[in-house]
Amino acid sequence: MDPKAAVAVGVGAGAGAIVAVLGIPLVLGVIGFTSAGIAAGSYAAGMMSSAAIANGGGVAAGGLVATLQSIGAAGLSGAATTAVSGVGAAVGWLVGHIRKKA
């Protein structure tokens, strides 16, 4: 791999990691998983309602809605930040690698 291509792939990996770590909490807030709880009338409220109906009136601890609300309220944990940045970096690397070949 020539040096310019290596830099491009590295930049893509770095950008992917940053976008993933910053983007997930942002997107969760937009759909209604906020630090103050689930926003009334939001997509998150609809998810919570569906989960409660499916579980006989309560939202299961550790389920998707509970996990997303936890991230929306407190942000990503250290382990989750590491995992998300790794996935984001892998996607960024892949995009950079594909673009280099095109």
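Visitor: What makes you say that Val 65 touches Phe 33?

Guide: Contact here means heavy atoms within 4.5 Å, and Val 65 meets that with Phe 33, Ile 38, Met 47, Met 48, Ala 51 and Val 59, leaving aside residues up to four places away in sequence. Bear in mind that this is a predicted model.

Visitor: Why is Val 65 said to belong to a nonpolar core?

Guide: A nonpolar core takes buried residues of kinds such as Val, Phe and Met, joined through side-chain atoms within 4.5 Å. The largest such set here has 11 residues, among them Val 65, Phe 33, Met 47 and Ala 51. Two or more residues each come from α1 (3–31), α2 (43–54) and α3 (64–74).

Visitor: Which residues of α3 are buried?

Guide: Buried means under 20% relative accessible area, and in α3 that goes for Val 65, Leu 68, Gln 69, Ile 71 and Gly 72.

Visitor: How do you know that they sit on the same side of α3?

Guide: They cover an arc of only 160 degrees around the axis, so they lie on the same side of α3. What they pack against is α1, β1 (33–34), β2 (37–38) and α2. Just after α3 comes Gly 75, with a positive phi near 85 degrees.

Visitor: And the whole protein, what is it built from?

Guide: There are 4 helices and 2 strands, running α-β-β-α-α-α from the N terminus.

Visitor: Why is the protein called more spread out than a compact globule?

Guide: Because its radius of gyration is 18 Å, well over the 13 Å that the globule rule gives for 102 residues. Its C-alpha atoms fill a box of roughly 60 × 25 × 20 Å along the principal axes, and 26% of the residues count as buried.

Conventions:
Residues are numbered from 1 along each chain as its sequence is written. This is a predicted model: local features need pLDDT of at least 70, side-chain atom pairs count only at pLDDT 80 or more; totals for chains, interfaces and linings use all residues. Side-chain values use heavy atoms; hydrogens and water are left out. Buried means under 20% relative accessible area, exposed over 50%, partly exposed in between (1.4 Å probe, protein chains only). The arc is that of the directions from the helix axis to the C-beta atoms. The radius of gyration is taken over C-alpha atoms; the globule rule is 2.2 Å times the number of residues to the power 0.38.
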